[in-house]
Amino acid sequence: MNWGVLQRSGGNNQKTGGNSGRDENVWRNLIEWLEDQKIRLYKIEDRAELRSKSSMQWPKAFAKYIQDLQCPLDGSDRLAVCDWLLGHAVRLEYGEKVQVYKSLPVGGQSSPGVVADDPFAGIDVSSPDVKAGLVSLCALLNIPRHVDPVVTLEAISLLIKERLSEEAQAGVLEEGVAINLSDYELGFDSKDQILNDAGRILRLLHINELRDLQTKINEAIVAVQSITADPKTDQRLGKVGR
């Protein structure tokens, strides 16, 4: 969670400019996800106002929501409200699975010889809560939903693994080599520096494509030569050649 987003947002007011629209959307997606997945104060049909994240009535619905939760905060300090909501969600989660958490080894380490179960094995994809959670996750990750919930779960899992995992985040993108366009001849002058630079870029791209084509041609020639340089005689024909 980007705590800076919550601190910048401040209360129910949105700042103009910058990333204020995105920050507000992140905040509202978080509230929707917490309600759908962990808190579940309302029935599914009663969560419509919280899910209408683009509605002008959302701040009013959120104010009523934290009041119904008996949150001691008034909602003006989003960082404090977020901390309270997360703590409340953790308490509810623990209360539902007390025996499960009590049986876990200290430090969260798995017992020797115990193979981890399939993470999707215990998920009932037909459950309304699961479907509601998938809707929230897809909105949060900005990916389309599939008609098959299992396919949607697999897509979310792949996205998290390839884009959001620690290994993916640690990857460093390779940077290209900086070039000076003025060092390359264009062959004509359009009297416009921007058009001239665009022409140089297109010419360089074309040259690069020609190099790739030449490389493939050379590979094809080598492959043909490797065959013709070592002909095989079929003794069953009884003669050499045709």
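Arg47 and Asp36 are both buried, and in this predicted model their side chains meet in a salt bridge, with 3.1 Å from N to O. The pair links distant parts of the chain, since Arg47 sits in the loop between α2 and α3 while Asp36 belongs to helix α2, 11 residues apart. Arg47 and Asp36 are also members of a network of salt bridges that takes in Glu35 and Arg51.

## Salt bridges

The structure contains 10 salt bridges. Side chains of opposite charge can pair when their charged atoms come close. Another such pair is Glu32 with Lys53, at 2.8 Å from N to O. Glu32 lies in helix α2 and Lys53 in the loop between α3 (48–51) and α4, so this salt bridge ties together parts that are 21 residues apart in sequence. Both Glu32 and Lys53 are buried.

A further salt bridge joins the side chains of Asp197 and Arg200, at 3.3 Å from N to O. Here both residues lie in helix α10, 3 residues apart, or about one turn of the helix. Asp197 has a relative accessible area of 22% and is therefore partly exposed. Arg200, at 15%, counts as buried.

The table lists these three pairs.

| Salt bridge | N to O distance |
|---|---|
| Glu32 and Lys53 | 2.8 Å |
| Arg47 and Asp36 | 3.1 Å |
| Asp197 and Arg200 | 3.3 Å |

## Overall make-up and confidence

The protein chain has 10 helices and 0 strands. Of its 242 residues, 22% are buried. Among contacts with a separation of 6 or more, 47% are between residues 24 or more positions apart. The accessible surface of the chain is about 18200 Å², and carbon and sulfur atoms account for 55% of that area.

The mean pLDDT of the protein chain is 74, and 71% of the residues score at least 70. Helix α4 (residues 58–68) has the highest confidence, with a mean of 93, whereas helix α1 (residues 3–9) has the lowest, with a mean of 44. Two stretches stay under a pLDDT of 50. One covers residues 1–18, for which the model has 28 contacts beyond four places in sequence. The other covers residues 107–116, with 1 contact beyond four places in sequence.

## The nonpolar core

The largest nonpolar core has 19 residues, and those touching the most other members are Trp27, Ile31, Ile39, Leu50, Phe62, Tyr65 and Leu85. Helices α2 (20–39), α4 and α5 (78–96) each give two or more residues to this core.

Leu50 can be followed further. Beyond its neighbours within four places in sequence, Leu50 is in contact with Ile31, Glu35, Tyr42, Trp58, Ala61, Phe62 and Tyr65. One of these, Glu35, also belongs to the salt-bridge network with Asp36, Arg47 and Arg51.

## Leu134 and its contacts

Leu134 is located in helix α7 (residues 128–141). Its relative accessible area is 6%, so Leu134 is buried. With neighbours within four places in sequence left aside, Leu134 is in contact with Arg145, Pro149, Thr152, Leu153 and Ile156. Leu134 and Arg145 are 11 residues apart in sequence, and their C-alpha atoms are 8.0 Å apart in space.

## A nonpolar surface patch

Leu210, Leu213, Ile217 and Ile221 make a nonpolar patch of about 340 Å² on the surface. Ile217 is part of helix α10 (residues 193–228). With a relative accessible area of 38%, Ile217 is partly exposed, because that value falls between the limits of 20% for buried and 50% for exposed.

## Two residues with positive phi

Most residues other than glycine have a negative phi. Arg40 is not a glycine, yet its phi is positive, at about 55 degrees. Arg40 is found in the loop between α2 and α3, and its relative accessibility of 28% makes it partly exposed.

Lys191 likewise has a positive phi, of about 70 degrees, although it is not a glycine. Lys191 lies in the loop between α9 (166–170) and α10. At a relative accessible area of 74%, Lys191 is exposed.

Technical notes
Residues numbered from 1 in each chain as written. Predicted model: local features only at pLDDT ≥ 70, side-chain atom pairs only at ≥ 80, totals over all residues. Heavy atoms only, no water. pLDDT = per-residue confidence, 0-100. Helix = DSSP H or I, 4+ residues; strand = E, 2+ residues; numbered from the N terminus. Contact = heavy atoms within 4.5 Å. Core = buried A, V, L, I, M, F, W, Y, C linked by side-chain atoms within 4.5 Å. Buried < 20%, exposed > 50% of the residue type's maximum accessible area, 1.4 Å probe, protein only. Areas by Shrake-Rupley, 256 points an atom, 1.4 Å probe, with all protein chains shown as cover. Patch = residues over 30% accessible without salt bridge, like charges linked within 9 Å, V, L, I, M, F, W, Y side chains within 5 Å. Salt bridge = Lys/Arg side-chain N within 4 Å of Asp/Glu carboxyl O.
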